[in-house]
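Please read the following walk through the structure with the model open beside the text, and pause at each named residue to find it.

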Amino acid sequence: LGVAYQDLGEPHKAIDSIEQALALLREIGDRKEEADALVNLGIAYNDLGEAQMTINSFESALVLFREIGARKEEADALRRLGNAYSDLGNTRKATDFYEKLLVVAEDIGDRRVELVALRNSGVGYMALCDPRKAIKFYKRQLGVAQQIGDRMGESNALGNLGTAYSSLGRTRKAIGFYKQRIVIAQEIEDRLGEANANYNMAIELSESGRGAQAIACAEDAANLYDELNSPNTTKGRELLEELKKKSEEA
């Protein structure tokens, strides 16, 4: 009943039903169902924007999953906690949970979850201004994506690596990763990924004094954003005009 109310977009009623279920589950000692109910409770609180209650519910579920040895469910709770702390802007705590998620994912051999944990850990360390540590996670993300044949994941990892190396001032390395991303994005018809890679590469090329190439990449990015009706369309056009103006002044 609680889940049904959630599906109807009525989190208050969902919470009421789930809390009644929790009381019964605790009476009969069904710890697995209790943990599952706590997860649903956390989802309902999250729908209401109640961050601390969301976290409390997920943390209680995590304790139970660990006690009964439900590793797959433990991984899911860790992922949800990471996301919840990320939504709160607590990047350090979020990253801690993603790293714990990575350990569990490796233990149970779930490569997809491992990929998520590696990506999110890298994003966390970038937000914490530690690109070198982020690169370690992104390189592992790239390796896992290639091993399981996840082309979109591979494209995402290449873009992340480009961004990380760019933040270190490693322009040549960044451009190399963006070029690789463009190739894959074209192969899998990921137009947004292709546009983003072109946009980022245009900036790197401009900074390395290759104005004509930068303009060409910026044009490709702007045209792709236009085709997609992307919110980045204005940003793409502004970059293109900026690069053209810079070229004329030179």
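Tyr 165 and Phe 177 are both buried in this model, which is a predicted one. The two rings form an aromatic pair that counts as stacked, with 5.6 Å from centre to centre and 10 degrees between the planes. Because Tyr 165 belongs to helix α9 (residues 151–167) and Phe 177 to helix α10 (residues 171–187), the pair ties together parts that lie 12 residues apart in sequence. The structure holds four aromatic pairs. Tyr 165 also has a charged residue over its face, namely Lys 173, at 5.1 Å from the ring centre. Elsewhere, the ring of Tyr 199 has the charged end of Lys 235 sitting over it, 4.5 Å from its centre.

With these rings located, the view can widen to the whole chain. The protein chain has 13 helices and zero strands, and of its 250 residues 44% count as buried. Its C-alpha atoms fill a box of roughly 75 × 35 × 30 Å, taken along the principal axes. Among the contacts between residues at least 6 apart in sequence, 47% join residues that are at least 24 apart.

What lies at the centre of the contacts in the largest nonpolar core? This core has 70 residues, and those that touch the most other members are Leu 41, Phe 65, Leu 81, Leu 161, Met 201 and Leu 243. Helix α12 (residues 211–228) supplies the largest share of the core, eight residues. Leu 243 can serve as an example, since setting aside residues up to four places away in sequence, Leu 243 touches Ala 202, Ser 206, Ala 214, Ile 215 and Ala 218.Charged side chains give a further set of links, and the count comes to 19 salt bridges. One of them joins Glu 73 to Lys 32, with the closest N and O atoms 3.7 Å apart. This pair links distant parts of the chain, as Glu 73 is in helix α5 (residues 71–88) and Lys 32 in helix α3 (residues 31–47), 41 residues apart. Glu 73 counts as partly exposed at 25% relative accessibility, and Lys 32 likewise counts as partly exposed, at 30%.

Helix α12 takes part in two further salt bridges to be followed here. Arg 191 forms a salt bridge with Glu 227, the closest N and O atoms being 2.8 Å apart. Arg 191 lies in helix α11 and Glu 227 in helix α12, so this pair ties together parts that are 36 residues apart in sequence. Arg 191 is partly exposed at 35% relative accessibility, whereas Glu 227 is exposed, with a relative accessible area of 53%. In the other, the side chains of Arg 237 and Asp 226 meet at 2.4 Å, N to O. Here Arg 237 is in helix α13 (residues 233–249) and Asp 226 in helix α12, 11 residues apart. Salt bridges that share partners also join Arg 66, Arg 71, Glu 74 and Asp 107 into one network.

Which side chain of opposite charge is nearest to Asp 190, a buried residue without a salt bridge? That side chain is Arg 181, which is 4.3 Å away. Asp 190 itself lies in the loop between α10 and α11 (191–207). Leaving aside neighbours within four places in sequence, Asp 190 is in contact with Met 152, Ser 155, Arg 181 and Ala 185.

Note on methods. Residues numbered from 1 in each chain as written. Predicted model: local features only at pLDDT ≥ 70, side-chain atom pairs only at ≥ 80, totals over all residues. Heavy atoms only, no water. Phe/Tyr/Trp six-rings, centres within 6.5 Å; stacked < 30°, edge-to-face > 60°. Helix = DSSP H or I, 4+ residues; strand = E, 2+ residues; numbered from the N terminus. Buried < 20%, exposed > 50% of the residue type's maximum accessible area, 1.4 Å probe, protein only. Lys NZ or Arg CZ within 6 Å of the ring centre and 35° of its normal. Lys, Arg positive; Asp, Glu negative; His and termini not counted. Salt bridge = Lys/Arg side-chain N within 4 Å of Asp/Glu carboxyl O. Contact = heavy atoms within 4.5 Å. Core = buried A, V, L, I, M, F, W, Y, C linked by side-chain atoms within 4.5 Å.
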